[in-house]
Amino acid sequence: MNNDKWAYLDDAMVASGKKTIKELFAENPNRAKKFSLEAAGWFLDYSKNRVDSKAMKALVKLAEASNLKAEIEKMFTGEKINVTENRAVLHTALRNCDPDAKVFVDGKDVMPDVRAVLAQMGDFSDSVRKGVWRGFTGKKIKYVVNIGIGGSDLGPVMANIALTPYTKRSLKFFFVSNVDSTHLAETLRSVKAAETLFIVASKTFTTQETMSNAEAAREWLIGKLGSKDAVAKHFVAVSTAAKEVAEFGIDTKNMFGFWDWVGGRYSLPSAIGLSLMIAIGRSNYAKLLKGYWKMDEHFRTAPLDKNMPVIMALLGILYSNGYGAETYCCLPYDQYLSRFPAYLQQMDMESNGKGVDKAGNPVEHLTGPIEWGEPGTNGQHSFYQLIHQGTHLIPCDFIGCAKTHNPIGDLHDKLMANLFAQTQALAFGKTAEECRAEGVPENLVPFKTFEGNRPTNTLLCKELTPETLGALVALYEHKVFTQGVIYDVYSFDQWGVQLGKVLAKGVLADLVADKQSMKHDGSTNQLIARYRKAVGRG
């Protein structure tokens, strides 16, 4: 670890602060072309950032001083870079499309197992899609309910919505994650027991929220169909806990495994994607994996100064650790990507929301920016005011597709015009002189002036397909990984989610006990008492 590496960020800051984005464009007619690149079906225009060649060179040196290339190879080759859990990090193996590829963990090639599970998923999805798999009463499956939480939910939900044009429309998909009973209840009102397949996604089959919902769904099914034997025909498991799966009533032949080197938020291309494969079919699922793989190969082989995930990561670090930007905004101008910002929230904030470095010392720089966003054009009529004229610096990623799956009049032209215009307005703004030239009354000039110099990236693909979606997800995965390397934090553990879960068990015991223990702090005891009184346990 190079303790002096952050001096390169200082160099980048000096360079980036000398001229505005508007001035940078004025002095270089070819700027847009110079600060753009293509990879895996995506075009990135990062010219509307506060950087010139000197600033970018300094940022690349920051990556080099962090030994980024070596760290990338450690991940791809199965080294146990998740040190706190003593695990390899090999989501890239899940989508390795090289038929001859070998990836070793503890001396064992994992690729045969990866391919075997993928084939098992394909056979099962075919049987559901073709109506071969039948429920307990002999009816075909019409409804698929995925029960999971975190990475076992956010990925499948996001991708199912994103790839709606490729789904089998006669099947209806639902996703239950929240332990709030309303989530399950409203889903069960929309399905028929005899035609419903439940996918329970939990690696250990002990996740409290997932198993609570799964057990409730099982009781509902038995109540509707009148036999415990029905469970085996209506439930399958994405898990590695064969004993617990069998005890639940699921035939272990219908258990789809994955491995401890698959992190939850990176698990979409694993068996966690079973609901998606049922939705889009094994052929389209293979195209999704191909898109992931293309971006993986780009990330692994491209020079750092021509590497799309690395460039996006470095720009993010410039703004967070240089300019003090605490958030960044993801703005997909495609309704099918409506859940993509929520998906990125977990990927980014659970990965790099860390307060200690790899040595266990408090970090000295900002980590894990707060990620948020909404699809365009909705966001324009919501929070863009803050981005344009507020006091916060908020770097933004705009994502668009040249072709729409649903051409209606000129709606798509208008959508894309808004995307391009927003990045233009954020970069170049409007001066007081321009306002006066337009005849704006002097008393309104301060309110109609736009500072500009607000940084954006623009990502464009020809069309949102399984392949381009896979590449987009991989792009952000590797961006997050790169930032974690530079922050010098462990990006693949998530100890921060554990404490609340542990404390919840003690609180739950007090909520349902005959008598309240009063063993918690004053505030928690008071809240428990009010709850108990409200539900008649006072």
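## Exercises on a predicted model

Strands E7 (residues 196-201) and E8 (residues 235-238) pair in the parallel sense, over 4 bridges. Keep in mind that this is a predicted model.

**Exercise 1.** Work out the strand order of the open sheet, and say which strands are at the edges.

*Solution.* Start with the whole sheet: its 5 strands run E6-E5-E7-E8-E9, with parallel pairing. Next, look for strands that pair on one side only: these are E6 (172-176) and E9 (255-256), the edge strands. To zoom in on the E7 and E8 pair, find Phe-198, which stands opposite Phe-235 in E8. Then add the helices. H9 (residues 181-188) packs on the sheet, touching E5 (143-147), E6 and E7, and its direction makes about 165 degrees with that of E6. H10 (residues 208-225) packs there too, touching E5, E6, E7 and E8, and its direction makes about 155 degrees with that of E7.

**Exercise 2.** Find out why Cys-97 has no disulfide partner.

*Solution.* First, search the whole structure: you get 0 disulfides. Now check the distance. The closest cysteine sulfur to that of Cys-97 is in Cys-461, 18 Å away, so it's too far for a bond; the cut-off is 2.5 Å. As for exposure, Cys-97 is partly exposed at 32% relative accessible area, while Cys-435 is buried at 1%.

**Exercise 3.** Describe the surroundings of His-388.

*Solution.* Begin with its place: His-388 is in helix H16 (residues 384-389). With a relative accessible area of 10%, His-388 counts as buried, because the cut-off is under 20%. Skip neighbours within four places in sequence, and the contacts of His-388 are Gln-422, Ala-425, Leu-426, Phe-450 and Arg-454. Finally, take Arg-454: it lies 66 residues from His-388 along the chain, yet their C-alpha atoms are separated by 7.5 Å.

Note on methods:
Residues are numbered from 1 along each chain as its sequence is written. This is a predicted model: local features need pLDDT of at least 70, side-chain atom pairs count only at pLDDT 80 or more; totals for chains, interfaces and linings use all residues. Side-chain values use heavy atoms; hydrogens and water are left out. Helices (H or I, at least four residues) and strands (E, at least two) are DSSP runs, numbered from the N terminus. Buried means under 20% relative accessible area, exposed over 50%, partly exposed in between (1.4 Å probe, protein chains only). Contact means heavy atoms within 4.5 Å. Two strands pair if DSSP finds at least two bridges between them. Axes are lines fitted to C-alpha atoms, for helices over the stretch in contact, and angles run from 0 to 180 degrees between N-to-C directions.
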